[in-house]
Amino acid sequence: MEQIFKGTVVGDKTGTPARQAADVINGNFALVDSRITALENPDAVLKKGNIDTDGLNVHVDELAFEWRISQMEFTENPEYNVTLDAATDGYHRKDVLLGNNTGGYNIFKGNEDATSATEPNLFPVGTIKLGVIDVYGATITGSTPVDLSAYATKDYVDEGLSTKLDASAYNDRFKGKYTSLGALETAYPTANAGDYAQVDSGSGSDVINYNYDIEDGWIEGGSGSSATNTDALPEGSIHLYFEAARVLATVLSGISFATGGAIVSTDTVLQAFGKIQKQINDILTTLNGKLTANLPITGATKTKVTYDANGLVTGGADATTADIADSTDKRYVTDTQLTKVNAIDQAVSATEKATWNAGDMTTNTAQTVSGLKTFLNGMLGLRNSANTFTNLFSVITTATRTWTWPDKSGTIAMTSDIVAQLNGTVNKLVKFGTTTTGTDSRITDTGTYLGIDVINTPLKDITLGNQSTKSVGIEDSESIFPGRDLIVTAGRTVNFIISSILTVLDATNRNYLGSFPGLNGDVFFCTQTGLFKQTGGTGALALYATTGLSGAYITGGCVTPSGDVYVCTQLGTSPGINKQTGGTGSFSLQLAIPAVRSMCCTPNGDVYFSNGSTNSTGGSIGDIYRRTGGVGSFVALGVTARDYHIAAAPNNDVYAAVRGGSIYRIASGTNTLTDLLTTLRTWSSISVSPNGDIYAAVYNGDIYKSSVGSAFLATGQTTRTYEALSVNINYTLYAGGSGNAFFMNTFSAGFPNLDGGTYKAKAGTGKGTGKSRYEFYTGQKTVSGTDMQLDTLRAYFDENGFFVYLTPPVYANDAAADADVNLPSGAYYKVTGSRVLYQKP
């Protein structure tokens, strides 16, 4: 490409003349045009139509949209009808209508969100976005076709040009030349302010200029030559005429090629030429980086393809066996070998051949098979007793299974046969009404409360029906056995761990990607769709306020001692590190960086994060970064690039578990990794408890624990993915992965001075002046050793709160009470003539 020389200094007239420069530019444009013609047109939407919706149904008319993909234009597109999947009730979703490289349509389903859905921005290769469809629950709430301005099509440009001014409409203010003022006033007795004309009385007279004034009419505005145009005026030595030849020959002194971009009305000619040349230079730089196409080849379908070092196809041919490499158990038979096989076949008799396919199982003799025989699915058939149908076994297992038959004769039943015998009511427990059928029992189970003989829905853990007086107790013992004790206790607290196995916290399958502790016993769980929180270490997980959270696919986070909440996202419009100041309000983006793996906050306020991958089988690796004191920039520690999961310890140390590697310690405020020499495992998450114990989980494995300075030992948990792991200030271990969320107490001694459960016995409340009593009964001794004792009311509390002791023994005096061996120490009694209760020492 030829360059334009702009001269050595401004005004030295040594640069390329204008006409020659124009030729250079035209030549460069011709070269660019030839290069651009050889380029393939980009993908674009050429025409847009309407996206009609009804309920969850989507309809696109025939020929409504046109598009181009990989230089192929699709203009004859058919009618399209599809029914979208409903979103979860109360959730939003944005689905995208795509055109594909076969001239058809596709729907790309977006992610759901409880507040507002985010439009997907990554689509399959060979498709182009045509519009967006908004879904809320089981209804489409709107649809928006794509904006054609993003593609600058001819229709879009023509529409823009139609709004520009027409230069022919501009007004000519010069009213002409006249021989006298009277002639001018006759021709234009009135005019517009700013109009002007000339008066020239003849040869030798100066031309007088007149301007029109609204109040005074035509007034003299000066005099000059009698020339009526520049052709009649001689050219001076400084102010030269603007001639086409002179303009074309003007050199472009001072031209600059540093700035490109669009030419605007305020640009000078030099600036315009400089922008054009800059654009040409940039285009050529881009074009020079493109591959040169190979020579055309004949189109065909071939099994052998030849390509060059750039991956471009250079030819095709029909593959032969010589092109395919020999491999184990898939050998070629040569003509010589085939001749030998035929010779063997001819040499073997038909009788001998008949035994080749017989194997060790025959169809007409009883045999005991001692070797394993494998039948493909649907290849084991049993005939019915009438020999009219063949019944096949179909097995759909995904792993090797062993089925054990019961040691008895009988008829195999289907699950539907069993259900058909059960006749019941929803929430009623079924009992056997006969020996073979089920019917309702007296017990109702709502999943939350149990009821016995209830008419209404039970609202207590155990609710008895109100149709009659109810009694709860132990059944009577036979006459040769004593009655059994009935013990009812309130809950107690212990100083040991009752269960060392994880318990389900939340059974919702959310694909948990990370977890971190907060203040005051709070714990957070990170998911693909949002951040969830359990407040104070109790209750269920609830969606946390994430207003302003940039990105999606939350993989980790932490909370600083001052209450700032950090989370890291991997996808979305701007993935990276987000912060919620003081745990309230919106999140703000702190650092835009993709593929952040995990985060932690130390007690001294430092904030750490590691960048890596969410790939559960391993993936990209990176460094660990620190923001000292929670302010300023995140600075890389410069450690060896690995796939780190990190957690903070109470002493401000940081532990880093490497997926597929060991576990390391970073001493507080340092940049050095110390290898703890653990077994190399697929570590997927790590956390440190308030007492310094370290918990680390293995993907598709167990959770391991290391007390300070000891080896990591398995805790014996069920094998799970365990991408999320954290320990809160209550020493509760939380875990999650591609399934449920779990928790487990890890503090054996527990907290001091905890209350036991209060035993509360309640009498039924009445109305108005009605009674409400709590009564105490025991049996009354009898003389005979085999006579049954009678229930005797001993005392009661009444509806006024009074305690009434009905049966205190009465003695003549204290001495008589002390002498009665049947009155136990500590018992209360009365003395004749006194209303005072006394207690025996």
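The dialogue below sets some assignments in this predicted model against the definitions behind them.

User: What kind of model is this, and which residues and atoms count?

Analyst: This is a predicted model in which local features need pLDDT of at least 70 and side-chain atom pairs count only at pLDDT 80 or more, while totals for chains, interfaces and linings use all residues. Residues are numbered from 1 along each chain as its sequence is written, and side-chain values use heavy atoms, with hydrogens and water left out.

User: What makes Cys 558 and Cys 601 a disulfide?

Analyst: A disulfide is a pair of cysteine sulfur atoms within 2.5 Å, and the S to S distance between Cys 558 and Cys 601 is 2.0 Å, so the pair meets the definition. The torsion about their S-S bond is about 45°, which is why the disulfide is right-handed. Cys 558 lies in strand β29 (residues 552-559) and Cys 601 in strand β33 (residues 596-601), so the bond ties together parts that are 43 residues apart in sequence; strands (E, at least two residues) and helices (H or I, at least four) are DSSP runs, numbered from the N terminus.

User: Why is Cys 526 not bonded to Cys 568?

Analyst: The sulfur of Cys 526 has its closest cysteine sulfur in Cys 568, at 6.7 Å, and therefore the two are too far apart for a bond.

User: Why is Cys 526 called buried?

Analyst: Buried means under 20% relative accessible area, exposed means over 50%, and partly exposed lies in between, with a 1.4 Å probe and protein chains only. Cys 526 has a relative accessible area of 0%, so this residue is buried, and Cys 568, at 0% relative accessibility, also counts as buried.

User: How do you know that Arg 173 and Asp 195 form a salt bridge?

Analyst: The term requires a side-chain nitrogen of Lys or Arg within 4 Å of a carboxyl oxygen of Asp or Glu, and the N to O distance for Arg 173 and Asp 195 is 2.9 Å, so the criterion is satisfied. The two residues sit in loops, Arg 173 between α2 (154-161) and β12 (174-178), and Asp 195 between α3 (181-187) and β13 (196-199), 22 residues apart. Arg 173 counts as partly exposed because its relative accessibility is 31%, whereas Asp 195, at 2%, is buried.

User: What makes Asp 653 and Arg 665 a salt bridge?

Analyst: Their closest N and O atoms are 3.3 Å apart, so the pair falls inside the cut-off. Asp 653 counts as buried because its relative accessibility is 8%, and Arg 665, at 26%, is partly exposed.
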